[in-house]
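Me: I'm new to this one, and I'd like to talk through its empty spaces. Can you show me the structure before we start?

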Amino acid sequence: MYSQGSEGLLKQAREIQEPELQKFYSRLTKAFQAKELGHEAIDSLQRLRLILFATKYTRKLPAELQRKILQLLSSPVEHLQVLSSAVLRETLPLPGQELNCIEEGAGQLNSHAAALLLSQAASRADLSSLCAHLLRTLESRQSEALGHSLTHVLPVLNSILTHSPECLTEDHVILLSKKFVDWLRYASITQGGGATSGGFFAGPRSRQPAVVAELDGTVSGDFFTVLCVGQGFTDDQWMNVYSFSILRHWLLAYHSASGGNSTADADDRSEVDGSVVSMVSATSSSSRVLPPKERLREKAFQYCQRLIEQCDRKAQKKSDADLQKACLVEAVCILDCVCVEDPSLVYRTFPCIKALFGRLSSDLSFARVLLPIAQFYLNHGEMAAVDCDVVWKLVFGRFPAELFNDPFLAHELLRFLRLNLESLQQGVPDYTHFFPNLLKLLAWDSPALVDDFVDLLPSLVTAGTAVELLHTLLDLPCLSATLVLQLRSTCLPISEPSGRGLLSLDAFRSPSFRGLFLFLLRGEAGSGDTIDRLSTVHELLAEAADWPRVVHCAQVVPVLLHIYFNTVVKVADEQLFAHLILVILERSSLLLKVPRYVREIHRVFSCHLLKLCKRLPSLVVDQSRELLEFAGATANVYSREEVYTHVVWVLGEYLSVSCDSRCSVRLITSCFEALEAVLFEITSSSPPDGTACPAPRVITTLMSALAKLASRSHDLIPRVSLFLSKLRTVPRGGSVSWCSDEEDLASIVTRGEELWSLLKAPGVAQSVLSPPPHIAAARWHGDTNTAAPLQLRALTNLTLSQ
């Protein structure tokens, strides 16, 4: 993990003795008393940090040395700030001095000191004390000395708000709300420091403060915002920027602050006393009577409206254009927050949001801006009585179809769905019909988005979409390959290193196959369950089976299928269950040949086929024709072994009068004859060329199913007994063409002898092979209220006595 030199230094640091360490502390204390610290002091500080880091115990520094290091937090050299903060993080604070560094050097607070303060706050009381002191710092008049430190106060308060919002009392919330109003709405509009009015003869006396400009270069004619530009910025302008950056978090969280007994909200409805800005703002008769929280909402509303207007201007730089998009996202989110808190603002806000959507909806480069607008429509569209269909067609239609390869948009779109899942199911029920589009995101970037779809997939499973959704999930690797081809087709012809062109790309461009690929790329459900020529699609995409994107996509399909089947049983009726069984039988042979994909899908199919039939045993009689057709095909033994084995087990288990009164002797006999023919065929001949011998489980399952059917129709017992008696003649130590392993053959023969012995007594065979439900229950033999335990004990005693 570490280099040899690093390990040597760590070993020395761990093995340093206490006397030597105290001498080192003394040398450090003397070194820090110098007016200027040189490289030797910095090297010593780095060594101290290594010594403290190397041990698992937290050390306590001498008081004098710790005070000296605390003073370095306010050093103008950032390297010393970083080192001193790192050292102090590894030490215990002096008793009673945990927060003194902020009070001693409030004017020199920086990000490193702020991070140290938060790390050393050992309790909620410490955080509350820190909040109180920071707020007192904000109340003081800003001077040149304090200006730089105030820019670090809001990030610290924001961190406290994130991790422990209850540390802010109601008085703190009201005070900060007032300060936010001042910073957001009443920052100066003149440029800071180095700005001049220009001119060759301009001297110190002729310099006039220049007004900040808009992003298009025109002079700003309104209040300052984050989108105003200039050659320099004043402290209150920086506070304006910082306030806007955490405004949404503040609006979302300040209701979580602990409510103290405060009368400030009722008694003081004006701005912060003693502030020149407050006296100016207090002249606004329209808002000065509002409580601080409501006043902040009003000013936030005005600020965001101003930002949206500024984004109409054409930026002169690309970076400024990106800033406009980021500010639009934040502005719309803040407007959504204030409208949630005060619904009366919806009617004032909606015209602006509607106009913004109309202006941006045709330009997909603003897709990440349009998602917060969609959130606004979802939250307030019903109150404003507006038609939101055009919004959902854009968000669920064009976004995934055209921007599926944008990872940031995919993350934000799926996050939007997860956060609003309940609202979408109630207010936008048609959103489930867009699942072919939404699955494009998963098909393109499966590893990153599988967690999102694990949560979203149950909401997409309805009685109307279940069958088509199952086909779409099974075709997800095909969709992944098709998306790759879609992007490649827009570029120059792509060839492999050998010079041979991609056949799948040629097929994608061919008009004769265009319809097949367009179905995979469809945007909405309802155009059909699956493709008639699905095997053709698999042939065209055969070379895509080892593409990394396709392989990763195939790996997530079994996970989603388990979620799908566990969900569909909650919404399906008997007719849908029957349809799903047909899909399982059909699609088990129609899958893209991706490595290990077919085997995993067969495993999922087998698992849930048993669950479906156990939940509704009458399905076996309803679908007996299809099940018998599947079980009677010997080729399925070799190509679909897993599914075949479970289909045979289902037929033997549930084709019974006790499960369905419609089960006739004729049906049992036809099933018996179909399975008997397959069993005789696979045990009397070698497997086809290129295939392995049938698995022992297939043969034993066939024998058990035949024995079960024969126990329900005694006329069939001689036929199965004849086969089982012949099986007994197979030498246990030998080998046959249909079973290459001696141990497997021995197990098959043993199972045959057990079944043959049972069928000698038909009544016993039926009780053992097809026990009644109350006997097959897991705890029937352990129930002390029945006579079975007593009988078992009596039989055991008789056996032991003999």
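**Pockets and cavities**

Reply: Sure. The residues lining the largest cavity split into five nonpolar, two polar and three charged. Keep in mind that this is a predicted model.

Me: Which residues line the largest cavity?

Reply: They are Pro436, His471, Thr472, Asp475, Leu476, Leu479, Phe519, Leu520, Arg522 and Asp529. The helices α23 (466–474), α24 (476–489) and α26 (514–520) each supply at least two residues of that lining.

Me: What makes Leu476 count as a lining residue of the largest cavity?

Reply: A lining residue has an atom within 4 Å of a point of the space. Leu476 is listed in the lining of the largest cavity, so Leu476 has such an atom.

Me: Why is Asp475 called charged?

Reply: Asp, Glu, Lys and Arg count as charged. Asp475 is in the cavity lining, and Asp475 is an Asp, so Asp475 goes in the charged class.

Me: How much space lies in the largest cavity?

Reply: About 80 Å³. The count of cavities of 30 Å³ or more comes to five.

Me: What about the largest pocket: what is its volume?

Reply: About 790 Å³. Of the 25 residues that line the largest pocket, the closest to its centre are Arg248, Val329, Cys333, Pro372 and Arg415.

Me: Which element gives the most to the lining of the largest pocket?

Reply: That's α15, with nine residues. Elements giving two or more residues there include α11 (235–253) and α17 (367–384). By class, the pocket lining has 14 nonpolar, three polar and eight charged residues.

Conventions:
Residues numbered from 1 in each chain as written. Predicted model: local features only at pLDDT ≥ 70, side-chain atom pairs only at ≥ 80, totals over all residues. Heavy atoms only, no water. 1 Å grid on protein atoms, 1.4 Å probe; cavity = no way out; pocket = protein on both sides within 12 Å on 5 of 7 lines; lining within 4 Å. Points joined across faces, edges and corners; volume = space filled by probe spheres on them. Helix = DSSP H or I, 4+ residues; strand = E, 2+ residues; numbered from the N terminus.
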